[in-house]
Amino acid sequence: MVSSLTLRRPDDWHVHLRDGAMLQACAIHTAKQFARAIIMPNLVPPITRVAEAVAYRDRIRRAVPIELAFEPLMTCYLTDDADPAELERGKRERVWLAAKLYPAHATTNSAHGVTSMERIAPALAAMERAGMPLLVHGEVTDPEVDIFDREAVFLERVLAPVLRRHQGLKVVLEHVTTREGVAFVEAGGSRVGGTITPHHLSFNRNAIFKGGIRPHFYCLPIAKREEHRQALRRAATTSSRFFLGTDTAPHTADTKECACGCAGIFNAPVALQVYAQVFAEEGALDRLEAFASLNGPQFYGLPANEQRITLHAAPLSAPESVAVPGGDKSIVVFRPDTAVGWSY
Ligand code: DOR
Ligand code: ZN
C-alpha cells in the first residue's frame, strides 16, 4: 500500500478564476495545488483584447500570495469579430498562450461566442501561423440535438472540418466527456490534445439525479453514461495526449441551488486528491505525474515544473464550502459520493 506520492508540481490547463470577490475567494485554491493554470476568459464582458488580458493577469497575481509562485497563463475569448492582428500581437508579446472557442450560447458567459466557424477562419489562420492553440468547448448548440449527444455531434459537424481546413492548427478538446471525444483526440496526432476533469472521472450522469436533483453535480458538458466515464479513465491513465484540466468553475450556492441553476463545479480545493484517487483505483498511480505534470507542458512547448509536491494516503480533508468576501455568500466545494483516500 503506497502511503505517499511525490510528483513534479502539476499545472491546471483549464480554470475559471472569475473576478472581483469571487477571484479573491477562489484563486488561492488553484494556486495552492498548481504551479501554472490556463485562465478561461469568459468574464462579463469577455477578455478579447491584449490590454484586458494584461489587466486581468495583474488582478489574479494580486489575489494570490507571492510565495505560492503561481503563474496565470492567459487566453483570448474568440468572438465572431476576433481580430487576427490582436491575436498575433498578444501571442508575440507573451500575454496569452491560446484562444478559447465557445460556441455562442453553449455554456456560462458564452453569449459573445462564435456563431459560425467561417466567421473566425482568418483568426484561426493567424493562430495557426503564430503557433497558438485553439481551446475548444466542444458542444453544438442546436436545441434539436440531445444534450448528451452534443459533444459527439460537435466533433463531426464542427471540429473535424476545422482540423481539415487548418492543418497546422493545434487544438485542445477541453473537458472531454465521451468515448467519441477520446477517440477523436487519439486520432488527431500530436497537434490535438484533450483535458479531463476530476469530476468527469469520478461520477457518471446518475449522480446528478441520485435521490433528487443535485445541482452541485451539474456542469457542461454534462456527465455522460458509465461507459464514457470508463473511456475517460482509460485515456487519462494511459495516453500522453491527455492532460489535467480541472474546469473548476465556481458559482455561489444560491445561483446553483435554484429553479435554473448555473453549470459549473468548484473542485479547486480537492482536485489533485480526486485525481489521485481515480489513478489509484485504476492501479495507475505511476501514471499520475505524466497526466498532471508532463503531458500538458509537452503539448504547449513549455518546460515541466522543477518543484515537487507530495500527496498522502489519508482521508480527504477539505472545507465543505468557501466564503466569498464582502457578503454572506459561499461556494460549495465538490465532493464525490465515493471515498477519496488522498490528502494534500
Ligand atoms: O460547467 C461549466 N461551467 N462549463 C463551462 O463550460 C463553463 C463553466 C463556467 O464558466 O461556469
Ligand atoms: Zn470551463
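The exercises below work through a predicted model, each with a stepwise solution.

**Exercise 1. The zinc site**

Task: State which residues coordinate the zinc ion (ligand 2), and how the donor residues are spaced in sequence.

Solution:
- Step 1. The donors to the zinc ion (ligand 2) are His14 through NE2, His16 through NE2 and Asp247 through OD, at 2.1 Å.
- Step 2. Along the chain these donor residues follow the pattern H-x1-H-x230-D.
- Step 3. Are the two histidines buried or exposed? The cut-off for buried is under 20% relative accessible area. His14 has 1% relative accessibility and is therefore buried. His16 has a relative accessible area of 6%, so His16 is buried too.

**Exercise 2. Cis peptide bonds**

Task: Locate the cis peptide bonds at Pro45 and Pro221 and place each proline in the fold.

Solution:
- Step 1. Val44 and Pro45 are joined by a cis peptide bond, with omega about -5°.
- Step 2. Pro45 sits in the loop that runs between β3 (36-39) and α2 (50-63).
- Step 3. Leu220 and Pro221 are likewise joined by a cis peptide bond, and omega is about -5°.
- Step 4. For Pro221, the loop is the one between α7 (198-202) and α8 (226-238).

**Exercise 3. Positive phi outside glycine**

Task: For Arg94 and His175, give phi, the loop and the degree of burial.

Solution:
- Step 1. Arg94 is not a glycine, yet its phi is positive, near 60°.
- Step 2. Arg94 belongs to the loop between α3 (84-92) and β5 (96-101).
- Step 3. The cut-off for exposed is over 50%. Arg94 is at 73% relative accessibility and so counts as exposed.
- Step 4. His175 also has a positive phi, near 35°, and lies in the loop between β7 (171-173) and α6 (179-187).
- Step 5. The relative accessible area of His175 is 2%, so His175 is buried.

**Exercise 4. Pairing around β10**

Task: Describe how β10 pairs with β1 and with β13, naming a bridge partner in each case.

Solution:
- Step 1. β1 (residues 4-8) runs antiparallel to β10 (residues 308-313), and 5 bridges link the two strands.
- Step 2. One pair in this register is Leu5 with Leu311 of β10.
- Step 3. β10 also pairs with β13 (residues 342-343), again in the antiparallel sense, over 2 bridges.
- Step 4. Here Ala313 faces Trp342 of β13.

**Exercise 5. An arginine in α8**

Task: Decide whether Arg233 is buried or exposed, and list its contacts beyond four places in sequence.

Solution:
- Step 1. Arg233 is part of helix α8.
- Step 2. Its relative accessibility is 4%, so Arg233 is buried.
- Step 3. With neighbours within four places in sequence left aside, Arg233 contacts Leu201, Ser202, Val278, Glu281 and Glu282.

**Exercise 6. The largest pocket**

Task: Give the volume of the largest pocket and describe its lining.

Solution:
- Step 1. The volume of the largest pocket is about 350 Å³.
- Step 2. Its lining holds 18 residues, and those nearest the centre are Leu73, Arg94, Trp96, Leu97 and Leu302. Arg94 is the residue of Exercise 3 with positive phi.
- Step 3. Which elements each supply at least two lining residues? They are α2, β4 (71-77), β5 and α11 (288-300). β4 gives the largest share, 4 residues.
- Step 4. By type, the lining of the largest pocket has 10 nonpolar, 1 polar and 7 charged residues.

Terms used
Residues are numbered from 1 along each chain as its sequence is written. Chains are lettered from A and ligands numbered from 1 in the order in which they are written. This is a predicted model: local features need pLDDT of at least 70, side-chain atom pairs count only at pLDDT 80 or more; totals for chains, interfaces and linings use all residues. Side-chain values use heavy atoms; hydrogens and water are left out. Donors are N, O and S atoms within 2.8 Å of the metal (3.2 Å for Na, K and Ca); water is not among the atoms, so sites may look incomplete. Buried means under 20% relative accessible area, exposed over 50%, partly exposed in between (1.4 Å probe, protein chains only). Two strands pair if DSSP finds at least two bridges between them. Contact means heavy atoms within 4.5 Å. On a 1 Å grid over the protein atoms alone, a cavity is a set of points where a 1.4 Å probe fits but cannot get out, and a pocket is an open set with protein on both sides within 12 Å along at least five of seven lines; lining residues have an atom within 4 Å of a point. Grid points are joined across faces, edges and corners, and a volume is the space filled by probe spheres set on the points. Ala, Val, Leu, Ile, Met, Phe, Trp, Tyr, Cys and Pro count as nonpolar, Asp, Glu, Lys and Arg as charged, and the others, Gly among them, as polar.
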